[in-house]
Amino acid sequence: MAVRPEAAVVPPPPPGTPWSVPPAPPRSRARRLLAPVATLAGVVGAFVYVGAVDPNEPGHYPVCPLLRFTGVYCPGCGGLRSAHAFAHGDLPAALGANALAVVGYGVFAVVAVLWLVRAYRGVPMRLAVPPNWWWGIGAVLALFTLVRNLPFGSALAP
């Protein structure tokens, strides 16, 4: 029985030679846009829900466990009230509830638009944040938490 050339098994390359990976087939525009559009739909759905169900009324959402057990405001305390005010277009109230969350909404919006544009154009989105940026973000969160719990930082408390 003769082996046809197209059915022959290709031997692996010799040691030390990198494997040749064929390029992935191009994805359709709809397929590329699926992840960013689904992510935006989820975020919009969350904002619609928080905008409809008022977190200022007790009993709708759980209480922050850190605040409940220690009396300390975490960086996320007031985030739902901030999202509710933001969903209703009340930016001063949103900033008063949690200013850092409002900054986060802006950062998310910029990244989401960048992701959508790059997906539309077929350019892969790679968000590589260097470790020193993560340390900086952690320091900002820690400083925000510290200041909002001190008497002179009461303007940052929810």
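Which residues lie nearest the centre of the largest pocket? Before turning to that pocket, it helps to look at the chain as a whole, keeping in mind that this is a predicted model.

The secondary structure of the protein chain consists of six helices and zero strands, so that, read along the sequence, the pattern is α-α-α-α-α-α. Of the 158 residues in the chain, 18% count as buried, and the chain exposes about 11,600 Å², of which carbon and sulfur atoms supply 72%. Among the contacts with a separation of 6 or more, 57% are made by residues that stand 24 or more positions apart in the protein chain.

The largest pocket has a volume of about 630 Å³, and of the 21 residues that line this pocket, V107, F108, V111, W134 and I137 lie nearest its centre. The elements that give two or more residues to this lining are α5, covering residues 99-121, and α6, covering residues 131-148. Helix α5 provides the largest share of the lining, with nine residues. In chemical character, the lining of the largest pocket divides into 18 nonpolar residues and three polar ones, with no charged residue.

The second largest pocket has a volume of about 340 Å³ and is lined by 18 residues, of which P62, V63, C64, L80 and R81 lie nearest its centre. Here the largest share of the lining comes from helix α3, residues 79-87, which gives three residues. The lining of the second largest pocket divides into 11 nonpolar, five polar and two charged residues, whereas the lining of the largest pocket holds no charged residue.

Helix α3 also deserves a look for its buried side. Within α3, the residues G79, S82, A83, H84 and A85 are buried, and what covers the buried residues of this helix includes α1, α4 (residues 91-97) and α5. Just after α3, G89 takes a positive phi of about 80 degrees.

One of the helices named as cover, α1, spans residues 29-52 and contains R32. Is this arginine, R32, buried or exposed? R32 counts as buried because its relative accessibility is 19%, which falls under the cut-off of 20%. Leaving aside its neighbours within four places in sequence, R32 is in contact with R27, A119, Y120, R121 and G122.

The cysteines call for a separate step of reasoning. A disulfide is a covalent bond between the sulfur atoms of two cysteines, and the rule applied here asks for a pair of cysteine sulfur atoms within 2.5 Å. By this rule the count comes to zero disulfides. C74 is in no disulfide, and the nearest cysteine sulfur, that of C77, is 3.6 Å away. Why does C77 have no bond to the closest cysteine sulfur, in C64? The sulfur of C77 is 3.5 Å from that of C64, which is too far for a bond. C64 is also one of the residues nearest the centre of the second largest pocket. As for their surroundings, C74 is buried, with a relative accessible area of 18%, and C77 is buried as well, with a relative accessible area of 5%.

Technical notes: Residues numbered from 1 in each chain as written. Predicted model: local features only at pLDDT ≥ 70, side-chain atom pairs only at ≥ 80, totals over all residues. Heavy atoms only, no water. Helix = DSSP H or I, 4+ residues; strand = E, 2+ residues; numbered from the N terminus. Buried < 20%, exposed > 50% of the residue type's maximum accessible area, 1.4 Å probe, protein only. Contact = heavy atoms within 4.5 Å. Areas by Shrake-Rupley, 256 points an atom, 1.4 Å probe, with all protein chains shown as cover. 1 Å grid on protein atoms, 1.4 Å probe; cavity = no way out; pocket = protein on both sides within 12 Å on 5 of 7 lines; lining within 4 Å. Points joined across faces, edges and corners; volume = space filled by probe spheres on them. Nonpolar A, V, L, I, M, F, W, Y, C, P; charged D, E, K, R; others polar.
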